[in-house]
Amino acid sequence: MKRVMLVTCALMGIVLSFSSCGKDPLKDMTAEESRIYITNHADSTDFTSFKTFSIADSVVVASNTNNDGRALTDYDKKLIADVTSALEARGYTLVSRTSKPDLAVNLTRIDNSYSAIIYDPGYWAGYGGYYDPFYWGYPGYGYYWPTYYQVYQNERAVSIDIVDLKHPVNNNLVAVWNALMRGTGVWSIDNVDKMVSAVFAQSTYLKTTN
Amino acid sequence: MKSLKLWILLMIASLGVQSAFSQVRSPLSLNVDYSIAQPFGSLKDYTNKTSFRGWRAGLQYHLNDQLAIGLRTGFQEFYEKLPRAVYSDKSGDISAVQTRTLQVTPILATVQYQLSKPDAAVIPYVGLGVGTANMVYNKYWGQFSERYNSWQFMASPEVGINVPFGKGSPVLLNASLQYNFAPYSQQEITNFNVIQANVGLKVHIN
């Protein structure tokens, strides 16, 4: 009987060690697989009604430290170039900020590496010193859609906003499209092509005709 | 805690009255099985892959040659990784590699009826488990987890066989098929339906 008990205990031990804990998906995930690309747009917007756009000349770095501001690193230059190319490929024409563009494009790198803050673009966009409030001629902008997502602690993200300059509401601008890129390596210059390509590919409505 | 006390009492009782039974084996038994599970219904929409990560273990007290009552627990994990795709929901359009997992840990009271005498070469049986199950739904959007943890009612009818390793041996091979049902509703899942196959050992303890 002692032997039977030993065999049983051994068997139980093997079974428990084999499958008592679940498989950890994060251990079986590449950096590319870890990234998610979220896009949102105003359903009521007819994107073919816009013809021209202008893009910010630098990228805002929004962080939970006191180092907020604008930057123009190689990464930022590539991000500006890729978003510009993507919009031109959809039929929009790049014009200068002073040429009364239909759309404005803002780019933001979000750095939440130090402590948890909730990313709510409807709250901070255009405020709090992240943007020059009157960069686009208005004090700021909001969004048509509610925001459900938040940026976690120890996370870096990248956000692209397209703002309607033609139809200000109560002297405020409204963003008509937003892309948020999250996950490992979103601040790596090697991933910019793939990320920008992905967010435009899933936004087939974002196009115009000349 | 009440269940534990009940089992301690049953174990003590079994030692005292064991000789009074005409059973071939001692009344208290332990079983440990490896389990494979196949999802059905809406669970299949969530994860379509057969789960090879599972086990179950239980204690049974044989009231007589054919009827036994017991307690059983276990673990089964359903896991499926889907290639990158675009999903549309209230948060917008999300491009992600989804990893869908569901971990199920049941705690069931069981009753089992053996269809032949305990000295038979093969002992078929039918059984029923009723109780609760801890369900951990965890859907990863890339590296970001969407997790829900809840307890659900679970019922689990079962058919199987026990094959003794020799006449009167306290060690028996166990093989069985069970159907697990829980009225579990979470995101894509409207009910939990699983067919589970088990193979392992049943050991009568002195």
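**Notebook: charged and aromatic side-chain contacts**

I began with D193(A), which is partly exposed at a relative accessible area of 42%. I use three classes of relative accessible area: buried is under 20%, exposed is over 50%, and partly exposed is in between (1.4 Å probe, protein chains only). The model is predicted, and I accept local features only at pLDDT of at least 70 and side-chain atom pairs only at pLDDT 80 or more, while totals for chains, interfaces and linings use all residues; side-chain values use heavy atoms, without hydrogens and water. Residues are numbered from 1 along each chain as its sequence is written, chains are lettered from A and ligands numbered from 1 in the order in which they are written.

**Entry 1: salt bridges**

I searched for salt bridges (a side-chain nitrogen of Lys or Arg within 4 Å of a carboxyl oxygen of Asp or Glu). Over all chains, the structure contains eleven of them.

I returned to D193(A) and found its side chain in a salt bridge with K78(A), at 2.9 Å from N to O. K78(A) belongs to helix α3 (residues 74-89) and D193(A) to helix α5 (residues 192-201) of chain A, so this contact ties together parts that are 115 residues apart in sequence. Helices (H or I, at least four residues) and strands (E, at least two) are taken as DSSP runs, numbered from the N terminus. K78(A) is also partly exposed, with 26% relative accessibility.

I then asked which residue of chain B meets E33(A) in a salt bridge. The partner is K81(B), at 2.9 Å from N to O. E33(A) is in helix α2 (residues 31-34) of chain A and K81(B) in strand β3 (residues 67-89) of chain B, so the pair joins two chains. E33(A) is buried at 19%, whereas K81(B) is partly exposed at 26%.

Within chain B, I noted a salt bridge between D33(B) and R56(B), with 2.9 Å between the closest N and O atoms. D33(B) is in strand β1 (residues 28-40) and R56(B) in strand β2 (residues 53-62), so parts 23 residues apart in sequence are tied together. Both D33(B) and R56(B) are buried. I recorded that these two belong to a network of salt bridges with R72(B) and E158(B).

**Entry 2: aromatic pairs**

I counted rings of Phe, Tyr and Trp (its six-membered ring) as paired if their centres lie within 6.5 Å; planes under 30 degrees apart are stacked, over 60 edge-to-face, and the rest tilted. The whole structure yields seven aromatic pairs over all chains.

F47(A) and Y205(A) form a tilted pair, 5.5 Å centre to centre with 40 degrees between the planes. F47(A) is in the loop between β1 (36-41) and β2 (52-55), and Y205(A) in the segment after α5 of chain A, 158 residues apart. F47(A) is buried at 3%, and Y205(A) is partly exposed at 22%.

In chain B, I found F78(B) and F192(B) edge-to-face, at 6.2 Å centre to centre and 75 degrees between the planes. F78(B) lies in strand β3 and F192(B) in strand β8 (residues 192-205), 114 residues apart. Both rings are from buried residues.

I also noted that ring pairs join F47(A) and Y205(A) with F50(A) in a cluster.

**Entry 3: charges over rings**

I counted a charge as over a ring if NZ of Lys or CZ of Arg is within 6 Å of the ring centre and within 35 degrees of the ring normal. The charged end of R109(A) sits over the ring of W187(A), 4.6 Å from its centre. I also logged R182(A) over the face of F144(B), 4.2 Å from the ring centre.
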